[in-house]
Amino acid sequence: MPLEGRRERAIPQSPAMQSYIFEETLSIHRGGTIMLTKLERISQLSKENPEMVFTSIGHLIDKEMLMECHNKMEKDKAVGIDGVTKEEYGNNLDENLDRLIASLKKKSYRPQPAKRVEIPKGNGKTRPLSIYCYEDKLVQEALRRILEAVFEPHFYEEMMGFRNGRSCHMALRKLNSMIEKQKTNYILDADIKGFFDHIDHRWAVKFVESRIKDPNVIRLVRRMLKSGIIKDFQYEETEEGSGQGSVCSPVIANIYMHYVFLWWFNDVVKPQLRDYAGAVVYADDFVVCFQYKDEAEQFYKRLKHRMEYFGLELEESKSRLIEFGRFAERDRRNRGQGKPETFDFLGFTHYCSKSRNGKFRVKRKTSKKKFTKKCKEVNRWLADMRTLPLQEIIKRVNSMLVGYFHYYGITDNSKAISDFKYIVRKLLFKWLNRRSQRRSYNWGQFNDMLRDYPLATPRTYVSIYE
């Protein structure tokens, strides 16, 4: 059947969706791990019974769970509009939690608006960040645990973002295997415009309701999404989107992408194709591989309509279909079109190359955009801390370098991380010589100092072929 000739469903529908009253079959355990045990049981039941719909799980958000959430919450985080810190909330923890539980039971709990701040991006634009009140973070964390317990067993393995046991490096390995071991000839590199800001609340709730019918949970999801923001001291309603900074946002985003993209791609699109197609998703960033150009082009058109239907839009300037794979170099050369194009994914530029024995290889290097952005950040950072003691500066620089090498130190990227260290070294020389009006080092003295306080050595931490 042609790709465009089949009517598509918005979300999967089961002819006999089962309702399940959780309390009737859950065994009660004693001890401090009761909540973990219950959540594990929910996850097990959800995995073993794909059609199960949970109708009574909201009561799991009780004082014990909220206490555990409080204990695991990070300290020294930015505070919401009420100015309450974790320490201050914990000073009267029992009273605060009792009051919170009472409001949840009476259905009177309403989250406060989030404080909205704008974080600068490398392209001169800003990314909105929502900062929530501490008590709302506790409720969001409890809600996150319940949503993950129910939905995690049903997420596809291609979804790599915001999941335990998954990472950017796993996404890169998956993509590498899709290109090198499968019949990939074309790649759609896609980016969703303002994904978190444009999640449709109505659809988000419908997707949650596909597996959870507990009105208490659904009420919390709705109120969290519509809690509003405070921007420039003015209240604004949130008619769409899930605030970046919300503890719940990652799992809401994964649920949304599961139904809007991955379920549709795997269960609707792929069965209609002549041969290979595969996808890998990290949050709102995804890459789709195809064997045939005509199918890739038809899918691209359908994807645009699919996104629009759910209130989303592809970023046209960042989304494109390119020829890429083991035959791309040969075929483009025969057509006189030059080298194969490259694409960026998760901070790396991917390009067609060959191994030492002449076989096709996908290789990666730090993307120019990410490299430039990080160098500018380091320049500002060193300027701000140039008056600190030398040993403290070197300690902080090494901590930054090791973190950078742990992410970008992957197979085939040794030159880029060595170049980054070289830039950092030059910037360090520059700002150490601006600690006062008098020049502190010439290059010989600077190199002597680095022998006593050496900078971290670039190395490959991650093999793409593990």
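Me: Which element gives the most to the lining of the second largest pocket?
Reply: In this predicted model, that element is α6, which contributes 4 residues to the lining of the second largest pocket.

Me: And what volume does the second largest pocket have?
Reply: The volume of the second largest pocket is about 610 Å³, and 27 residues line this pocket, with Met73, Glu74, Lys75, Lys77 and Lys137 lying nearest its centre. Two or more lining residues come from each of α3 (63–72), α4 (86–91), β4 and α6 (134–151).

Me: How does the lining of the second largest pocket divide into nonpolar, polar and charged residues?
Reply: The lining of the second largest pocket divides into 11 nonpolar, 6 polar and 10 charged residues.

Me: OK, now the largest pocket: how much space lies in it?
Reply: The largest pocket holds about 1,800 Å³ of space. It is lined by 44 residues, and those closest to its centre are Lys121, Arg127, Asp191, Lys318 and Lys370.

Me: Which elements give two or more residues to the lining of the largest pocket?
Reply: On the strand side, these are β3 (114–120), β4 (126–131), β5 (186–191) and β11 (343–345), and the helices α13 (368–384) and α14 (390–408) also give two or more residues. The largest share, 5 residues, comes from α13.

Me: What's the class make-up there, for the lining of the largest pocket?
Reply: By class, the lining of the largest pocket has 18 charged, 17 nonpolar and 9 polar residues.

Me: Switching topic to β12: is the strand enclosed or open, and why?
Reply: Strand β12, residues 348–354, is largely enclosed by the rest of the structure, because 5 of its 7 residues are buried.

Me: Which strands does β12 pair with, and in what sense?
Reply: β12 runs antiparallel to β11, to which 3 bridges join it, and β12 also pairs in the antiparallel sense with β13 (residues 360–366) over 7 bridges. As examples of residue partners, Asp344 is bridged to Thr349 in β12, while Phe348 stands opposite Thr366 in β13.

Me: What about the hairpin turns, how many residues lie between the strands?
Reply: The hairpin of β11 and β12 has 2 residues between the strands, and Leu346 takes a positive phi near 55° there. The hairpin of β12 and β13 has 5 residues between the strands, with Gly358 at a positive phi near 90°.

Me: Leu346 isn't a glycine, so where else is there a positive phi in a residue other than glycine?
Reply: Ala283 has a positive phi near 60° and is likewise a residue other than glycine. For context, most residues other than glycine have a negative phi. Ala283 sits in the loop between β8 (277–282) and β9 (285–290), and it counts as buried because its relative accessibility is 10%. Leu346, in the loop between β11 and β12, is buried with a relative accessible area of 12%.

Me: Back to β12 for a second: His350, buried or exposed?
Reply: His350, which is placed in strand β12, counts as buried because its relative accessibility is 1%. Leaving aside neighbours within four places in sequence, the residues in contact with His350 are Leu172, Leu175, Phe324, Thr342, Phe343, Phe345, Val362, Lys363 and Arg364.

Me: And Arg438, where is it found?
Reply: Arg438 is found in the loop between α15 (414–432) and α16 (443–452), and with 69% relative accessibility it counts as exposed. The C-alpha atoms of Arg438 and His59 are separated by 67 Å, the two residues being 379 residues apart along the chain.

Note on methods
Residues are numbered from 1 along each chain as its sequence is written. This is a predicted model: local features need pLDDT of at least 70, side-chain atom pairs count only at pLDDT 80 or more; totals for chains, interfaces and linings use all residues. Side-chain values use heavy atoms; hydrogens and water are left out. On a 1 Å grid over the protein atoms alone, a cavity is a set of points where a 1.4 Å probe fits but cannot get out, and a pocket is an open set with protein on both sides within 12 Å along at least five of seven lines; lining residues have an atom within 4 Å of a point. Grid points are joined across faces, edges and corners, and a volume is the space filled by probe spheres set on the points. Ala, Val, Leu, Ile, Met, Phe, Trp, Tyr, Cys and Pro count as nonpolar, Asp, Glu, Lys and Arg as charged, and the others, Gly among them, as polar. Buried means under 20% relative accessible area, exposed over 50%, partly exposed in between (1.4 Å probe, protein chains only). Two strands pair if DSSP finds at least two bridges between them. Contact means heavy atoms within 4.5 Å.
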